[in-house]
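Me: I'm new to this structure and would like a close look at one part of it. Could you take me through it slowly?

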Amino acid sequence: MNTSSANTSSSSLERGRPVFSISPFTMLDFPDRTACILWFAGCNMRCGYCYNPEIVFGKGKLSWGDVQEFLLSRMGLLEGVVFSGGECTIHPQIIPFAREVKKMGFEVKIDTNGSRPDVLETLIQENLVDFVALDFKGMTGNYWKITRSDLFKSFEKSLEILLDSSIRFEVRTTVHPDLLDYQDLKEMENWLREKGFSGTYYLQHFRGDKKTIGELGESKMQGVKIESGVWRN
């Protein structure tokens, strides 16, 4: 790494408070790992079913120094750190954060909507990520309706980057009948298969028991799981 790049990384690491809060322990969010979650503030999408409006619209409260202090207290107790949000990849600090987390001996998982393929590619090239959860919001025809963004092509590029890598990853979709119906889901499944994806595709059943960004009614759809193109109730 050249001196200019090193100085930029150091500056990004020390600048700002991108993290909204920390969940100190989870056994559900990082497959086969005990982990904590760093919730990065802000997002470049406005999905109506999002249950983290306080994070999406809020401001970060924690700096790298705060995160580092917490992680030092969990050495030997946790195996991984989840970078989530909001959308963690919109922050310039994510790459220097990941570098430091890896130096401390933790594995890194990224939860992302795929809108920053350049950041994802850098993380992979520098061996800074061990697992990725990629949110598949919908096909081009209803992407704006669901996300209030025009970022499908960026998501597609992120998927292609992951398919060309050796990184473990999963694809997941949140389902609400006001936004996606059965035919939409079949189209999404077929598209993934055509792209060459043969991993696990999770459908997350929307739950209306938390405050969300949009005003969606209770979902009546049953959660299902698609694995290697097979629908499972």
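At what angle do helix α7 and helix α8 pack, and how far apart are their axes?

Reply: Happy to, and bear in mind that this is a predicted model. Helix α7 covers residues 152-163 and helix α8 covers residues 182-195. The two pack at an angle of about 45°, and their axes are 11 Å apart. Angles under 35 degrees would count as roughly parallel, and 65 to 115 as roughly perpendicular, so α7 is oblique to α8. As for handedness, the crossing of α7 and α8 is right-handed.

Now for the side that each helix brings to the contact. From α7 come Phe 152, Phe 155, Glu 156, Leu 159, Glu 160 and Leu 163. From α8 come Trp 191, Leu 192 and Lys 195. Sort the contact of α7 with α8 by class and you get six nonpolar residues, three charged ones and no polar ones.

A good next stop is Phe 136. Setting aside neighbours within four places in sequence, Phe 136 is in contact with Phe 152 and Phe 155, and also with Trp 191 and Leu 192. Those names should ring a bell: Phe 152 and Phe 155 belong to the α7 side of the helix contact, and Trp 191 and Leu 192 to the α8 side. The other partners of Phe 136 are Val 171, Arg 172, Thr 173, Met 188 and Tyr 201.

Phe 136 also has a place in a wider picture. The largest nonpolar core has 60 residues, and Phe 136 is among those that touch the most other members, along with Leu 71, Phe 83, Ile 110 and Leu 123. Apart from that core lies another, made of nine residues, including Phe 20, Phe 30, Ala 35 and Ala 41. As a rule of thumb, in soluble globular proteins nonpolar side chains tend to be buried together.

Before you leave α7, glance at the loop that leads into it. Arg 148 lies in the loop between α6 (143-147) and α7. Phi of Arg 148 is near 55°, a positive value in a residue other than glycine. Is Arg 148 buried or exposed? Neither, quite: its relative accessible area is 45%, so Arg 148 is partly exposed.

Asp 32 makes a handy companion. Its phi is positive too, near 65°, and again the residue is not glycine. Asp 32 sits in the loop between β1 (19-26) and β2 (35-40). With a relative accessibility of 65%, Asp 32 counts as exposed.

Conventions: Residues numbered from 1 in each chain as written. Predicted model: local features only at pLDDT ≥ 70, side-chain atom pairs only at ≥ 80, totals over all residues. Heavy atoms only, no water. Axes fitted to C-alpha atoms, helices over the stretch in contact; angles between N-to-C directions. Helix = DSSP H or I, 4+ residues; strand = E, 2+ residues; numbered from the N terminus. Parallel < 35°, antiparallel > 145°, perpendicular 65-115°, else oblique. Left-handed = near helix turned anticlockwise from the far one by under 90°. Contact = heavy atoms within 4.5 Å. Nonpolar A, V, L, I, M, F, W, Y, C, P; charged D, E, K, R; others polar. Core = buried A, V, L, I, M, F, W, Y, C linked by side-chain atoms within 4.5 Å. Buried < 20%, exposed > 50% of the residue type's maximum accessible area, 1.4 Å probe, protein only.
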